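Trainee: Got a minute to go through this one with me? I'd like to start with how the parts fit together.
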Amino acid sequence: MADLSISLAGIRSPNPFWLASAPPTNTGYQVQRAFEAGWGGAVWKTLGEPIINTSSRFAAVHYGGRRVAGFNNIELISDRPLEVNLKEIRETKKRFPNHALVASLMVEPTRQKWHEIVKRVEDAGVDGLELNFGCPHGMAERGMGAASGQQPDLVEKQTMWAKEAARTPVIVKLTPNITDITVTARHAVLGGADAVSLINTINSLAGVDLESWNTIPHVGGKGAHGGYCGPAVKPIALNMLAECARDPRVNVPMSGIGGISTWEDAVEFMLMGATGVQVCTAAMHHGFRIVEEMVDGLNRYLDRKGLASVTELTGKSVSRYSDWGELDLNYRVVARIHQDTCINCNKCHIACEDTSHQCIDMLTGSSGRPYLQVREDDCVGCNLCSIVCPVDGAIEMVELPAAAPMLTWNERQRVLAKLGADSIEAEAVEG
Amino acid sequence: MGIHHSISDDPTVPAAFREMVPPLSRAAAAEESNRCLYCYDAPCIKACPTSINIPSFIKRIATGNTEGAAYAIMDANPVGASCARVCPTELLCEGACVLHDTSTPITIGRLQRYATDYAASEGLQLFAPGASTGLSAGVIGSGPAGLSAARELARYGFNVEIYEAKPVAGGLDSTGIVSFRLPQHVPAWEVEQVEALGVKVHTGTRIGSTISVQQLLDRHDTVVLAAGMGYVPPLGMEGEELDGVHDAIRLVEATKSGRMPTSLAGARVAVIGAGNTAIDAATCSMRLGASGVKIVYRRTAAEMTAYPFEFEFAKQEGIEFAWLTQPMRIVGDEAGKVAGLECIRLEPDGRIGADGRRLTAPVPDSTFLMEVDAVVFATGQQRLIPLAEQLGIQHENGIPEVNPLTGLTSNPRIYAAGDILQGTGAGEATVVSAAEQGKRAAAAIALAFLGESYPDFKREPSSAKAAGSVQARLR
């Protein structure tokens, strides 16, 4: 069994699976149940000035008969008095001294407010702080959450204020509702952040009811945008994490968040630079027990890979993530259909014929049996056929020997620029 | 209408005769429909004699458009609700499903039932009659073929009247298929759908007696002969007239008419024959309270014509099989009641018949008496030779001679479809084949009487393709 324990900027936890700051971490009762179930850490639901929540808060996107491909919420931060939360934090930490207990914080952007809350929360015994600069709805209308998280200078300044008072590590939670997340990540680092966590939820409207024409969800016939999370956002989160991971100026540990539902998702986030991960939707969908499957799967994966510690995963794929201009234009793959596993659903044919490069033929063999075949000379290696194929392995993307040595777009442009410069020079000489 | 008055709601129908297969729940239908791959050029469509666009109707169920699903089904097959229950799907659409190779085939029949049940329970009228062409069509028989032809002709703008000899419309769907597989309300709804297009159904009206053939031909521009077949023909076996001898078709018909025969309660029953009707008669007998039912067949399981799943069903119902057994005569008691069935044993003699099946020969001195109280004959159906004669069309032993693509008989005004053509190689003796033949005859009539510019009603893509290909072949 590998060692699953991690330390995120000094915050230690027995495994990399934390509950994100959200409805599952609203109370001491819940967080203690979560720790009993096996979660390594929890970020307490955001503390701040008490608010009032609406009734009707969540909605989900179901896809193809599967529930909760994506999840949307318009719930705000904790609606319980700060003293109650602090008392329960103290009790929880006492009962679970070895688990990571982090307080998420959100206050008005003033130095005094940040100093006050940091001090009170740390006195309750938390292991670290997470500054919520990401909540996209409600709080943002009051100048907090994503509203401050979208302004790099405010991110930097508030981080600095929190750090002035903090004795425990400070994590800055970033909003994805921004063009380039590395900008705010860099400013969090400039403000002194010990770590960043990403992503918070994405602005969303879950749907519109076809019969009533109300928004989903609606509050008495009116709706407002919420925050989107769950499996559907994973690729967006993974990219943002990877962009931060490969930016040398974001040189702090990262906590990965966004659609992590399985141990496999967690491994992907860690390979792309996360030290640990935070989960919410999967727990809301299945209960805290889902962590058992995550821990067990991760354990067996690490054993299979011969890794002694989960920390060995962190960042292993970052160097493989680059700019488009650095990709080899001479690399070539083509689709190949394995006749022994193909079931002749013809989905590859129609996908290629209608929407890609028209290179999969529907043919009939000498025995009268229909079969599908790729004209490899016309195949551009787009992968579409293998994506729509319902049978694993029936369509293989095969690497062909390169016809020419590696050449990236950037290299090509450099060569062309040099040739251009030379010819101008030559013209000048000739002229 | 329809499912609101389902047979299972009728307290007079004994539990044993109510539909066995439960409907799919909404959740189960959603799950199953989402499993469909939505194949392109799908093999299930090609395997369906009526070319229902199966991936399309399943996608419509999956996307909350159950009415659209019912439309796609019924557009291609006017008896699609019955077919959802009685089609040999293992041999047709489900047998062709590509998921055979990776997991389990989609349960297309049950999804088809889900969609058509929805249309029936919601009281939807799926189709509208075409603009009147002023032409009139008479249809003999209201079974799958006749109903299908009538529905299509009404959509082409014909004024259509159906003549049904029996008191109830629907043909074998209403009278000949056991109600625990096909309850009465299903064909009744299909008939209602056709009647709603303005088609008049004259039940209890036998062509050749109630109305003469001449009257029929005088009344209509064109006639579709879809009269099916008759009851079980007499074999000329000694004892056939005894009390306790039954005709399988009449037996099933009685159970479907609401007059449950009581004479089989506690009886030992022998069923002669090994086709699907024999299985129906045997399982019906069991459900009527027979103490034991034996299917007597002169060949073996390998040669029986019943579908494999019917054979399995019979075994599960506790039916016994006496293979290689030839009934010789029915023995009666003093009161003229059946007391036994005298049989001899047979054995394969090594010869192979012209049809590839093994031939048998009697085992010497093997005569024995099977003690039974009732004998049911399920040895085929009679041909309607007099009707063919009266219509004056070319026929062989009652089977009209037709163009196999169109059903056109030797009389250019008369087309034939359905079981009446059985034996000509025009198709399987299935409800779905009969429906397709009815559809094709209607298309051929429209082409013949209205010309190439006949008004084609809006068609779903798949059936438009099918109809188009029929037209192309006709031209």
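Mentor: Sure, and keep in mind that this is a predicted model. Start in chain B: the centres of domain 2 and domain 3 of chain B, taken over C-alpha atoms, are 32 Å apart.

Trainee: How many residues does each of those two domains put into the contact?
Mentor: Domain 2 of chain B gives 14 residues and domain 3 of chain B gives 11 residues.

Trainee: And what area gets buried between domain 2 and domain 3 of chain B?
Mentor: About 1,100 Å², with carbon and sulfur atoms giving 53% of it. On the domain 2 side, B:Val178, B:Phe180 and B:Arg181 lose the most area to domain 3 of chain B, together 45% of what that side buries.

Trainee: Which residue forms a salt bridge with B:Arg181?
Mentor: That's B:Glu310, with the closest N and O atoms 2.5 Å apart. Between domain 2 and domain 3 of chain B, the count is 2 salt bridges. There are also 7 residue pairs in polar contact across that interface, counting pairs with both residues at pLDDT 80 or more. The domain 2 side that touches domain 3 of chain B divides into 4 nonpolar, 6 polar and 4 charged residues.

Trainee: OK, switching to the two chains. How many salt bridges are there between chain B and chain A?
Mentor: The count there is 0 salt bridges. You do get 5 residue pairs in polar contact between chain B and chain A, both residues being at pLDDT 80 or more. On the chain B side, the residues touching chain A split into 5 nonpolar, 2 polar and 2 charged.

Trainee: What area is buried between chain B and chain A, then?
Mentor: About 870 Å², and carbon and sulfur atoms give 66% of that. In chain B, the residues losing the most area to chain A are B:Asn34, B:Leu37 and B:Tyr40, together 57% of what that side buries.

Trainee: Now chain A by itself. Where do its domains run?
Mentor: Domain 1 of chain A covers 6-320 and domain 2 covers 322-431. Their centres, over C-alpha atoms, are 40 Å apart.

Trainee: Which residue does A:Asp323 form a salt bridge with?
Mentor: A:Arg246, the closest N and O atoms being 2.6 Å apart. That pair links distant parts of the chain, 77 residues apart. A:Asp323 is in the loop between helix H10 and strand S17 of chain A, and A:Arg246 is in the loop between helix H7 and strand S15 of chain A.

Conventions
Residues numbered from 1 in each chain as written. Chains lettered and ligands numbered in written order. Predicted model: local features only at pLDDT ≥ 70, side-chain atom pairs only at ≥ 80, totals over all residues. Heavy atoms only, no water. Buried area = accessible area lost by both parts, 1.4 Å probe. Salt bridge = Lys/Arg side-chain N within 4 Å of Asp/Glu carboxyl O. Polar contact = N/O pair within 3.5 Å; in protein donor to acceptor, adjacent residues only side chain to side chain. Nonpolar A, V, L, I, M, F, W, Y, C, P; charged D, E, K, R; others polar. Domains from an automatic or database assignment. Helix = DSSP H or I, 4+ residues; strand = E, 2+ residues; numbered from the N terminus. Contact = heavy atoms within 4.5 Å.
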